[in-house]
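I set out to record, entry by entry, what I looked up in this structure. The notes are kept terse and in the order in which I took them.

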Amino acid sequence: MTSQRILDLAAAAPASQDEDLERLLSEANELYQRGLEDLHQDVAARLAGCPPRI
């Protein structure tokens, strides 16, 4: 549901101002960064057993 929450925040952003907009952008950024970290960990785990390519 992370992707859906980011989409909801993006949809709400144009109608938001000041502190509300900052809060929306901050939450969206946090969710995005968490998603990137999860992806990084998943890829690292998948590649852990693979031999290096030369």
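The entries below cover helices, the loop, salt bridges, separations and a surface patch.

**Entry 1. Status of the model**

I note at the outset that this is a predicted model. I therefore read every value below as computed from a prediction, with local features requiring pLDDT of at least 70.

**Entry 2. Helix H2**

I looked up the extent of H2 and found that the helix covers residues 18-47. H2 has 30 residues, and I read 43 Å from its first C-alpha to its last. The expected value at 1.5 Å a residue is 44 Å, and the span of H2 is close to it.

Which residues of H2 are buried? I listed Leu24, Ala28 and Leu31. I then looked for what covers the buried residues of H2, and H1 is included in that cover.

**Entry 3. Asp18**

I checked the backbone of Asp18, which is placed in helix H2. Its phi is near 45°, a positive value in a residue other than glycine. Is Asp18 buried or exposed? Asp18 counts as exposed because its relative accessibility is 57%, and the cut-off for exposed is over 50%.

**Entry 4. Ser16 and the loop**

I moved to Ser16, whose place is in the loop between helix H1 (2-12) and H2. With a relative accessible area of 17%, Ser16 is buried, since buried means under 20%.

I looked for a polar partner of the Ser16 side chain. A polar atom of that side chain lies 2.9 Å from the backbone oxygen of Ala12. Leaving aside neighbours within four places in sequence, I found Ser16 in contact with Leu21 and Leu24. Leu24 is also one of the buried residues of H2.

**Entry 5. Salt bridges**

How many salt bridges are there? I counted two salt bridges.

One of them is formed by Arg5 with Glu27, and the closest N and O atoms are 2.8 Å apart. Arg5 lies in helix H1 and Glu27 in helix H2, so this pair ties together parts that are 22 residues apart in sequence. I looked up the accessibility of both partners. Arg5 counts as partly exposed at 33%, and Glu27 is partly exposed with a relative accessible area of 24%.

I also recorded a salt bridge between the side chains of Arg34 and Glu30, at 2.9 Å from N to O. Arg34 and Glu30 are four residues apart in helix H2, so about one helical turn separates them. Arg34 is partly exposed, with a relative accessible area of 44%. Glu30 is partly exposed as well, with a relative accessible area of 48%.

**Entry 6. Ile6 and its surroundings**

I turned to Ile6, which is found in helix H1. Its relative accessible area is 25%, and Ile6 is therefore partly exposed. Which residues does Ile6 touch, not counting those up to four places away in sequence? I found Ala28, Leu31 and Tyr32. Ala28 and Leu31 are among the buried residues of H2, whereas Tyr32 is partly exposed, with a relative accessible area of 47%.

I then took two C-alpha separations from Ile6. Glu30 and Ile6 are 24 residues apart along the chain, and their C-alpha atoms are separated by 9.7 Å. Ile6 and Ala45 are 39 residues apart in sequence and 26 Å apart in space, C-alpha to C-alpha.

**Entry 7. A separation along H2**

I looked up Ala44, which lies in helix H2. Ala44 counts as partly exposed, at 41% relative accessibility. What is the separation of the C-alpha atoms of Ala44 and Leu24? I read 30 Å for this pair, which is 20 residues apart along the chain.

**Entry 8. Surface patch**

Lastly, I looked for nonpolar surface. I found a nonpolar surface patch of about 470 Å², made by Tyr32, Leu36, Leu39, Val43 and Leu47. Tyr32 lies in helix H2. Tyr32 is partly exposed at 47%, so its accessibility meets the patch requirement of over 30% relative accessible area. I note again that Tyr32 is one of the residues touched by Ile6, so this residue enters both the patch and the contacts recorded in Entry 6.

Conventions: Residues numbered from 1 in each chain as written. Predicted model: local features only at pLDDT ≥ 70, side-chain atom pairs only at ≥ 80, totals over all residues. Heavy atoms only, no water. Patch = residues over 30% accessible without salt bridge, like charges linked within 9 Å, V, L, I, M, F, W, Y side chains within 5 Å. Areas by Shrake-Rupley, 256 points an atom, 1.4 Å probe, with all protein chains shown as cover. Salt bridge = Lys/Arg side-chain N within 4 Å of Asp/Glu carboxyl O. Helix = DSSP H or I, 4+ residues; strand = E, 2+ residues; numbered from the N terminus. Buried < 20%, exposed > 50% of the residue type's maximum accessible area, 1.4 Å probe, protein only. Polar contact = N/O pair within 3.5 Å; in protein donor to acceptor, adjacent residues only side chain to side chain. Contact = heavy atoms within 4.5 Å. Expected span 1.5 Å × (residues − 1).
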